[in-house]
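Let's take a walk through this structure together, one piece at a time. Keep the picture open as you read.

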Amino acid sequence: MSEYAIEVEDLRKVYPGGVEALRGVSFRVRKGEIFSLLGPNGAGKTTTVRILSTLYKPTGGVARVLGYDVVRESGKVRRVIGVVSQESTSDDEMTGFDNVYIQARLYGLSGEEARRAAWEALRFMGLENAANRKVSTYSGGMKRRLEIAMSLVHTPQVLFLDEPTLGLDVESRRELWKLILDLKRRGVTILLTTHYMEEADRLSDRVAIINEGRIIAVGTPEELKKKVGGEAIHIAPMDPQDADKIIERLKSHGYDVRKAGRIVVVKVDDASRRITEIIKLVEDVEVLEVGVVKPNLEEVFLLLTGRRLIEEEPSTTARIPTRR
Amino acid sequence: MIGATLTLLYREIKKWVNRKPVFVVSLITPIIWIALFGKSLNLQSLFQPPPGVAQNPAFASVYKSMVEKRMLELFGTTDYFTYMSSGMLVAFSLFQGLFSGVSIIFDKRLGYLDRLLVTPIPRISIWASKILAVIVRVTVLSTILLVVAIAMGMQLKEGIGLVDLLGAWLVIVLVAAGISSLYAMISFYASHQEVVFTLGNLLNLPLMFASSALFPVEQMPSWMQKIAKANPVTYAADLVRHYLIGRAVNDYWKSIGLLVALVAVLLVLSAWLSVRWMESR
Ligand SMILES: Nc1ncnc2c1ncn2[C@@H]1O[C@H](COP(=O)(O)OP(=O)(O)O)[C@@H](O)[C@H]1O
Ligand SMILES: [Mg+2]
């Protein structure tokens, strides 16, 4: 048995009409990990999930889930996966319970087993009190949790979550993150797609950055963030005129330093260890603030593509990455 | 496969019954059909005796027997309402068939179909549940329709037995299965519900009017007779009349054979094309 739950090799998809959604995607997801596909709208995340969950056929390449080929052994794949798609797929004319119960029956559970499994899934998702209400009365967050309950009722070994927190408010998003981490603790392998860098960063063991149908980087969040030059120490001198003095001092000690406004940015690989040395070096300068800034995945994406993950977001929050 | 089909059928029926107002309206529909078509198209009222005749009891009775003789020739019963309501059962089934298409399009648009397709159920059970749901609907509603028609004056044939009722039901079910198969396969390939509604009206009205469902074929213009005689709805309506009101059918076994063959072809074609759509994306 392979240590990988999902293996994807050179996956390609051309939609009827000619859109090339995937142009050779390869990655592997280890058993028990949360693996994220991080990329902007149209990158090919949903297409990847649809192929892996046997909904669409690839134009080229191979994909296996728990060793089963998604095209030739689609029936076996379907037995071991759960899918929460980007759009709502519950029946909002029925109650939450009925939605989950029917799902359980479709996986071959008997009436009694299905009822028990449905209640357990609903309870796990915190929906037991709303179970007998029609889904049309649910909030956005509740609907998402119901979708997950529906996808969990047959205890799948691999779970696909396509943009699970899209459109949710901050509180529901955090709630859902907690539940996703709970699932991981139960041993479920999770492939998650998102265009929120914070989500990928917080939840994932490993992240693949996807753009225009290609994976452009894979690694743990930490590894990826190192690509933007590791961490940085920001020093804000009391008197802005002192900035040059600091820069000169640090440069002479071999540091990679630049100025961003009135702040001195020192790129370091391991900020928490370096910080004491750096503070000592500028001891004689009056400093307002010294801080360690961790690079984030948004910066990684910006560095690799020159684009932002969420295009409409104001660029004021963007920091200029070092291009090397 | 049977388990999955029954589970999905359970969902269809639960949805139908759950939508209380819609469910009640769907139960009233057959009553409205009978009341509107049956009583407004009361051809018999055209044959009221003229005033001079009506006043003379002897003339009136002769007139009445002449009219009845003519009615019997045309409709196989002295009562048009009886003729019409038995044909109505078939026409009604025709329109219920649209619901297979409508619910498939809804499941497609709501994403529910995608959810079903990632479960390990056989694809054909999705299709089968839609056809069976129509059959269940038609069975319930036709029963209501028949009971209401009887209450409003429909005369069943003398000594009607369980076998006759079963025969009529089977014919109605065949119509429902055939027509819902047709709309099911269209709906898997169509992207909008308008396609199904438009095609439904385009197809259902001529199927209903150019058949013996409402009027005897012999009374139609000759070009229409040709269509009506080839129209499977005519076979179905004639058979239902045979079972319910005892009107003679010209080619009993031929009618049954053609109907069964056509519905079988539609079922197979529809199942095959529907499954093909589900597997070819
Ligand atoms: N059913 C489809 N038919 C044609 N093109 C599609 C279809 N689904 C997605 N696409 C196109 O494929 C590309 C990738 O889409 P998608 O996989 O949905 O990206 P993401 O989920 O990352 O936003 C986009 O250009 C999108 O417009
Ligand atoms: Mg998507």
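From the N terminus on, the elements of chain B read α-α-α-α-α-α-α-α-α-α-α-α-α. That makes 13 helices and zero strands, where helices (H or I, at least four residues) and strands (E, at least two) are DSSP runs, numbered from the N terminus. Before going further, some ground rules: this is a predicted model, in which local features need pLDDT of at least 70 and side-chain atom pairs count only at pLDDT 80 or more, while totals for chains, interfaces and linings use all residues. Residues are numbered from 1 along each chain as its sequence is written, chains are lettered from A and ligands numbered from 1 in the order in which they are written, and side-chain values use heavy atoms, with hydrogens and water left out.

Back to chain B. Its C-alpha trace spans about 75 × 40 × 35 Å along the principal axes. Of its 281 residues, 51% are buried, and buried here means under 20% relative accessible area, with exposed being over 50% and partly exposed in between (1.4 Å probe, protein chains only). The surface that chain B exposes comes to about 12,900 Å², and carbon and sulfur atoms supply 72% of it; such areas come from the Shrake-Rupley method with a 1.4 Å probe, and for residues only the protein chains shown count as cover. Now look at contacts (heavy atoms within 4.5 Å). Among those in chain B with a separation of 6 or more, 78% join residues 24 or more positions apart.

For a close-up, find B:S93 in helix α5 (residues 80–96) of chain B. Is B:S93 buried or exposed? B:S93 counts as buried, because its relative accessibility is 0%. Leaving out residues up to four places away in sequence, B:S93 touches B:V138, B:I172, B:V175, B:A176 and B:I179.

Next comes chain A, with 11 helices and 14 strands. Its C-alpha atoms fill a box of roughly 75 × 45 × 40 Å, taken along the principal axes. Chain A has 324 residues, 54% of which count as buried. It exposes about 14,900 Å², with 47% of that supplied by carbon and sulfur atoms. Of the contacts in chain A with a separation of 6 or more, 68% are between residues 24 or more positions apart.

What surrounds ligand 1? The shell consists of A:Y15, A:V19, A:A21, A:P40, A:N41, A:G42, A:A43, A:G44, A:K45, A:T46, A:T47 and A:Y56, each with a heavy atom within 4 Å of the ligand. Helix α1 (residues 45–52) of chain A gives the largest share of that shell, three residues. Some of these residues come with listed distances: an oxygen atom of ligand 1 is 2.7 Å from a polar backbone atom of A:G42, and one is 2.6 Å from an N or O atom in the side chain of A:T46. A polar side-chain atom of A:T47 lies 2.5 Å from an oxygen atom of the ligand. Taken alone, ligand 1 exposes 560 Å², and the protein buries 67% of that.

Now for the inside. A nonpolar core is a set of buried Ala, Val, Leu, Ile, Met, Phe, Trp, Tyr and Cys residues joined through side-chain atoms within 4.5 Å. The largest one has 146 residues, and those with the most contacts inside it include A:I6, A:F27 and A:L191. Helix α8 (residues 123–151) of chain B gives the most to this core, with 12 residues. Apart from it lies another core, of 17 residues, among them A:I235 and A:V257.

Right after A:F27 in the numbering is A:R28, found in strand β2 (residues 20–30) of chain A. A:R28 counts as partly exposed because its relative accessibility is 41%. Beyond its neighbours within four places in sequence, A:R28 is in contact with A:Y4, A:I6, A:E7, A:E33, A:F35 and A:R206.

Finish with two backbone oddities. Most residues other than glycine have a negative phi. A:T155, in the loop between α5 (140–152) and β7 (158–162) of chain A, has a positive phi near 45 degrees. A:E163, in the loop between β7 and α6 (170–185), also has a positive phi, of about 45 degrees. A:T155 is exposed, with a relative accessible area of 65%, whereas A:E163 is buried, at 3%.

Notes: A polar contact is a pair of N or O atoms within 3.5 Å; within protein, one must be able to donate a hydrogen and the other to accept it, and residues adjacent in sequence count only if both atoms are side-chain atoms.
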